[in-house]
Amino acid sequence: MCQLLGMNCNGPTDICFSFEGFCARGGKTDDHEDGWGIAFFEGLGCRVFLDDKPSATSAIAGLIRKYPIKSTNVVAHIRKATIGPVGLENCHPFSRELWGRHWVFAHNGDLPKLQATDTGTYRSVGQTDSERAFCMILNQLRQVFPLEQPPLEQLYPVLRQITQAIAGHGIFNYLLSNGEYLFAYCSTKLCFIVRQSPFAAAHLIDEDISVNFQELTTPSDRVAIIATTCLTDNETWTTIQPGELFVFQDGLPLALAS
């Protein structure tokens with residue numbers, strides 16, 4: 001299946017270290033060779049890079065690994081195609097506007113029983129079940145809250161209800177962000193780590209690369225990294241249990257997580 005990578009932090013941060021190991025899984029240390037993508041939020045703006053080539057050999061991925069784009073919310077994905085052919089239109093993360101903000105979404109899993117629908121404002125461009133699920137989420141959120149984004153305390157239970165309904169159709173691990181929050185839902189496999197003071201060194205599983213974060217950070221920095229499987233072999237990652245929908249803000253999971 002596909003692989004997910006997310007970052008949420010309390011200040012603009014680059015994802016170069018985690019992305020280096022993540023990219024290797026797209027054709028070097030794993031067989032996710034059917035495209036990749038990454039989205040960086042910068043204020044109200046969002047940079048999205050997509051490529052239908054393997055991330056391990058993609059020239060665009062090489063640029064991202066070397067260019068330290070700083071962001072407070074990042075969503076990335078490497079694809080192993082199951083539903084929908086290999087093609088740029090089927091690469092995650094998908095992006096749409098809702099309530100005057102960019103929303104991006106990436107999915108790991110299969111939803112073979114999820115029926116296609118052309119009703120509502122949001123429609124699929126490609127052929128994946130993932131994009132179909134994303135459009136369903138946004139259409140239903142817009143139906144419940146038609147005018148503006150509600151407070152998180154109102155948004156969360158509605159998103160959770162929509163998520164659980166879609167998850168009944170198959171495997172539905174996902175990352176979803178509007179640049180303010182990063183939502184992470186686990187259907188089968190997802191984990192995270194929060195890096196904060198006192199910082200230490202970390203070593204990638206997929207590449208022989210280490211970074212001493214103490215040399216690159218300030219005591220006030222805090223970064224949450226979310227991934228399908230652990231990216232480092234000398235840190236303690238927290239497993240998200242199946243059925244849990246986490247919300248990250250400023251580098252921490254909020255108490256709304258269940």
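# A tour of two cores and two sheets

Start by selecting Ile166, Phe172, Tyr174 and Phe183: of the 32 residues in the largest nonpolar core, these touch the most other members. Keep in mind as you click around that this is a predicted model. Now colour the elements that give two or more residues to this core: strand 5 (94-98), strand 6, helix 3, helix 4, strand 7, strand 8 and strand 14. Helix 4 supplies the largest share, 8 residues. As background, nonpolar side chains in soluble globular proteins tend to be buried together.

**Stop 1: Ile166 and helix 4**

Zoom in on Ile166 and show its surroundings. Setting aside neighbours within four places in sequence, Ile166 is in contact with Leu111, Leu114, Ala133, Met136, Ile137 and Phe172.

Next, select the whole of helix 4, residues 152-167. Which of its residues are buried? They are Leu152, Leu155, Tyr156, Val158, Leu159, Ile162, Thr163, Ile166 and Ala167. To see what covers them, switch on strand 6 (101-108), helix 3 (129-144), strand 7 (173-177), strand 8 (182-185) and strand 14 (245-249), which are among the covering parts.

While helix 4 is selected, try a quick ruler check. At 1.5 Å a residue, its 16 residues should span 22 Å, and the end C-alpha atoms are 21 Å apart, which agrees.

**Stop 2: the sheet beside helix 4**

Hide the side chains and look at the strands. An open sheet of 6 strands runs in the order 5-6-7-8-14-15, with antiparallel pairing. Strand 5 and strand 15 (252-253) are the edges; each has a single partner strand, so one side of each is left without a neighbour in the sheet.

Pick out strand 7 and strand 8, an antiparallel pair joined over 4 bridges. A handy spot to click is Leu175, which stands opposite Ala184 in strand 8. Then bring helix 3 back: it lies across strand 5, strand 6 and strand 7, and runs at about 10° to strand 5.

**Stop 3: the aromatic rings**

Now show Phe, Tyr and Trp side chains. How many aromatic pairs does the structure hold? There are 16 aromatic pairs. One of them is Phe19 with Trp36, a tilted pair at 5.8 Å centre to centre and 55° between the planes. Phe19 sits in helix 1 (residues 16-24) and Trp36 in strand 2 (residues 36-42), so the pair ties together parts 17 residues apart in sequence. Are these two rings' residues buried or exposed? Phe19 is buried, with a relative accessible area of 1%, and Trp36 is buried too, at 0%.

For another pair, jump to Trp103 and Phe183. Their ring centres are 6.5 Å apart and their planes are at 10°, so this pair is stacked. Trp103 belongs to strand 6 and Phe183 to strand 8, so this pair ties together parts that are 80 residues apart in sequence. Both Trp103 and Phe183 are buried. Add Trp99, Phe145 and Tyr181 to the selection: ring pairs link these three with Trp103 and Phe183 into a cluster.

**Stop 4: the other sheet**

Move over to the open sheet of 7 strands, ordered 3-2-4-1-12-9-13 with antiparallel pairing. At its edges are strand 3 (45-51) and strand 13 (238-239), each with a single partner strand, so one side of each has no neighbour in the sheet.

Before leaving the overview, look at what packs on this sheet. Helix 1 touches strand 1, strand 2, strand 4, strand 9 (191-196) and strand 12, and its direction makes about 175° with that of strand 1. Helix 2 (residues 59-66) packs there as well, touching strand 2 and strand 3, with its direction at about 35° to that of strand 2.

Now select strand 1 (residues 3-13): 8 of its 11 residues are buried, so strand 1 is largely enclosed by the rest of the structure. Strand 1 runs antiparallel to strand 4 (residues 71-78), joined by 7 bridges. Strand 1 also pairs with strand 12 (residues 222-227), in the antiparallel sense over 5 bridges.

Met7 is a good place to centre the view. Its bridge partner in strand 4 is Val74, and in strand 12 its bridge partner is Ile225. Click Gly6 as well, and you'll find it opposite Ile226 in strand 12.

Terms used
Residues numbered from 1 in each chain as written. Predicted model: local features only at pLDDT ≥ 70, side-chain atom pairs only at ≥ 80, totals over all residues. Heavy atoms only, no water. Expected span 1.5 Å × (residues − 1). Buried < 20%, exposed > 50% of the residue type's maximum accessible area, 1.4 Å probe, protein only. Contact = heavy atoms within 4.5 Å. Phe/Tyr/Trp six-rings, centres within 6.5 Å; stacked < 30°, edge-to-face > 60°. Core = buried A, V, L, I, M, F, W, Y, C linked by side-chain atoms within 4.5 Å. Pairing = 2+ DSSP bridges. Axes fitted to C-alpha atoms, helices over the stretch in contact; angles between N-to-C directions.
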